[in-house]
Each structure stands twice: as structure tokens, then as C-alpha cells.
Amino acid sequence: MKHIFFKVQTIPQTEELEIGSKEFNLYKEKYREYNKLENDADVVFDYYDNAGKNPLWGKIYSISLGFVDENTNVVRIKVFKGSEKDILQEFLNTCNEHFKASKIVGYNLSFLLPFLRSRMLKNGMKIQGLPEGLVDIGKKAWTMQGICLQDMFNGIGWFKNSLEELAFLLNLETNFINGKDVYLNFLAGKEEELNQSIIDETFTLINCYRIIQGEEPCKDLNSTVVVLENVKEVEVPLLERLYNNNQITLDIKNEVEGLVKKKKPSKKEKEQLFTILRGVYVRNNFELNDQDSKKVIEQKENEIKALLKL
């Protein structure tokens with residue numbers, strides 16, 4: 001199975017934080033005691049130092065996607081830049097179009113996945129139908145499809161280790177810009193340095209994973225940076241959305257009802273459609289005990305029958 005690797009760069013969402021604004025007051029209330037903010041100047045300084053760590057006040061500056069070309073063993077990395085909404089949409093489109101059967105690998109997914117969801121909502125995007133590897137809501141650690149490299153090394157030295165520290169352990173050279181310094185480089189107009197940093201992080205992530213899996217690290221790299229504009233959502237097929245969501249959302253319900261109304265299927269065709277929908281819809285219930293699983297499956301079957309008017 002192919003693996004797709006991703007990294008994210010974040011910065012504060014507001015370049016000129018206005019003292020007394022709603023955003024200012026919320027941030028001040030959140031961090032006043034924890035970060036020992038004694039006056040308004042402290043709040044502003046702390047905001048630009050730390051806002052990128054929290055999706056309430058931080059936004060995505062760039063996302064990278066990388067994979068290893070199985071034929072040449074060359075690492076291929078693409079960096080998405082532009083408006084945050086365009087970056088997110090292109091990231092999702094690419095995962096859904098080209099990497100459906102791939103395992104998604106990241107570092108510190110417990111931070112990245114909620115950050116992605118929150119910023120999608122901030123930009124008015126739907127969080128239903130995410131690629132399976134990016135879904136963590138309602139999942140247990142052992143049922144998540146995405147792979148978090150950091151989780152493999154939790155507890156070393158009693159700390160959660162950074163990717164740079166893991167690379168040090170594995171004797172890999174790195175040239176990262178520290179997360180809290182990304183915004184300083186952004187303000188200084190050092191776009192090329194930021195691009196190179198996220199490319200190097202993604203390359204390092206790939207090689208760390210390869211070493212852990214007993215493979216040789218890659219040496220060759222091919223990378224591109226794409227500045228996006230007006231990215232449109234690529235429609236995910238009905239069954240795939242149902243599989244990803246594991247629930248019949250209003251959109252899915254309306255689409256199925258529309259298909260039934262338009263096609264006017266026979267009872268036999270409805271029964272065949274029921275079998276398909278049931279197979280996709282109940283696939284997550286292996287983790288329940290037998291009694292609970294039976295109840296949940298029965299509920300889902302009744303939901304599908306009502307939808308198809310069976």
C-alpha cells in the first residue's frame with residue numbers, strides 16, 4: 001500500500017491584532033494566567049508568538065504532500081500555498097482524487113487533525129466526507145486509519161518528541177524553521193526559506209518512517225510549490241462519502257432520494273441498492289460487542305429501508 005505524508009505550516013490569522021477587539025479579548029482571557037500576560041502589550045506579543053498553535057487564532061500558511069515513487073525511489077513533494085480555503089480544498093481534492101487507497105502519515109495527528117477541521121469550519125467548508133485517514137472524530141486509537149509517527153515514540157525521555165528530535169535519534173540531518181519562528185520569517189518575506197523548511201520536514205518525515213519500517217532512507221527529491229487560486233471542490237462519489245462519514249447526512253439522504261425519484265427503481269433494484277448501502281454503512285461495527293453491534297446494525301438497516309421506501 002502506498003503511503004502519503006503531509007506537513008502543515010501555521011501562522012497567526014490576524015496580521016494587525018486590534019487591542020480591545022473580540023479576538024484580542026478572547027485570546028487575553030484564554031492565556032492571561034497561563035502565559036502571565038500582565039498588560040495589553042504582553043497580549044499582543046504573546047499572540048504573534050503563539051497564536052499559530054491554536055486554530056481559534058492561527059491559520060494554515062501552507063500544506064505539503066509527499067510520497068515515494070515506487071519505480072524510482074525518488075521522493076516527490078508538492079507544497080500548496082495561497083488562501084487558506086484554497087490550500088485546504090486542494091489538499092482534500094488531491095487526497096480524494098489520487099490517494100484514496102493510500103495510508104496517510106503525519107506527525108502529531110492529535111494536533112493536526114483538529115486544526116484542519118477547525119480551519120475548514122472557519123472557512124465555511126464541510127467536515128463531512130473527509131478522506132478516511134484524516135478522520136478522528138468518534139474513532140479509537142486502534143481504529144484510526146491515519147498513522148501518527150509521533151505516537152510511536154511517545155514517552156522517550158518522558159516527553160513528546162518533535163520530528164527534529166526523532167530525526168536526531170535516527171541520525172538524519174535536518175534544516176527546519178522552528179514552528180514559532182514561521183511567522184517571523186513570513187513577516188520578513190522569506191518565502192523561499194519557508195518553502196524549503198516544509199519540504200525538508202516532509203522529506204525527513206518520509207525517511208524517519210522508512211527507517212522505522214526497516215527500509216533505507218531516500219536520497220533523491222523532486223519538489224514543487226504551487227500557489228493556488230479559486231480551487232473548486234471535487235465531488236466525492238456517494239458511496240465513498242457514506243463510507244467516510246459512516247452516517248447518512250442530509251446531503252446523502254437528499255441525493256439518494258433524488259436518485260430513487262429520478263430512476264424509479266423496481267423493488268428488486270431497491271433491494272440490490274439496500275445491500276450495497278448496508279455493506280458500506282455498517283462496516284465500522286466490528287469494534288462493538290455482539291449485542292451492541294446487532295442493535296446498531298438493525299438501526300442502520302431500518303434507516304436505509306426508510307430512505308429507499310422498502
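**Aromatic pairs, a helix crossing and two hollows**

Searching the whole structure, which is a predicted model, turns up twelve aromatic pairs. One of them brings Phe67 together with Phe99, with ring centres 5.6 Å apart and 55° between the planes, so this pair falls in the tilted class, between the 30 degrees that bounds stacked pairs and the 60 degrees beyond which they count as edge-to-face. The two partners come from distant parts of the chain, 32 residues apart. Phe67 belongs to strand S2, which spans residues 58-68, while Phe99 sits in the loop that runs between H3 and strand S4 (103-106).

Next comes a helix crossing. Helix H1, covering residues 22-31, packs against helix H2, covering residues 40-50, at an angle of about 90°, and the two axes are 10 Å apart. Angles of 65 to 115 degrees count as roughly perpendicular, and H1 and H2 therefore fit that description. On the H1 side, the contact is made by Glu23, Phe24, Tyr27, Lys28 and Tyr31. H2 answers with Asp40, Val43, Val44, Asp46, Tyr47 and Asn50. Sorted by class, this contact has six nonpolar residues, four charged ones and one polar one.

H2 turns up again in the largest pocket, where it supplies at least two lining residues. That pocket holds about 860 Å³ of space and has 27 residues in its lining. Nearest its centre lie Lys7, Asn178, Gly179, Lys180 and Glu201. Besides H2, the elements that each give at least two residues are strand S1 (3-12) and the helices H4 (109-122), H5 (163-169) and H6 (182-187). S1 gives the most, with six residues. As for chemistry, the pocket lining splits into twelve nonpolar, nine polar and six charged residues.

H4 also has a hand in a closed space. The structure holds one cavity of 30 Å³ or more, and the largest cavity has a volume of about 30 Å³. Its lining is made up of Leu88, Phe91, Leu92, Leu113, Leu116, Arg117, Met120, Leu130 and Leu134. Helix H3, residues 84-98, and H4 each bring at least two of these, and H4 has the largest share, with four residues. By class, the cavity lining has eight nonpolar residues, no polar ones and one charged one. Arg117 is the charged residue, because Arg counts as charged whereas Leu, Phe and Met count as nonpolar.

Key
Residues numbered from 1 in each chain as written. Predicted model: local features only at pLDDT ≥ 70, side-chain atom pairs only at ≥ 80, totals over all residues. Heavy atoms only, no water. Axes fitted to C-alpha atoms, helices over the stretch in contact; angles between N-to-C directions. Parallel < 35°, antiparallel > 145°, perpendicular 65-115°, else oblique. Contact = heavy atoms within 4.5 Å. 1 Å grid on protein atoms, 1.4 Å probe; cavity = no way out; pocket = protein on both sides within 12 Å on 5 of 7 lines; lining within 4 Å. Points joined across faces, edges and corners; volume = space filled by probe spheres on them. Phe/Tyr/Trp six-rings, centres within 6.5 Å; stacked < 30°, edge-to-face > 60°.
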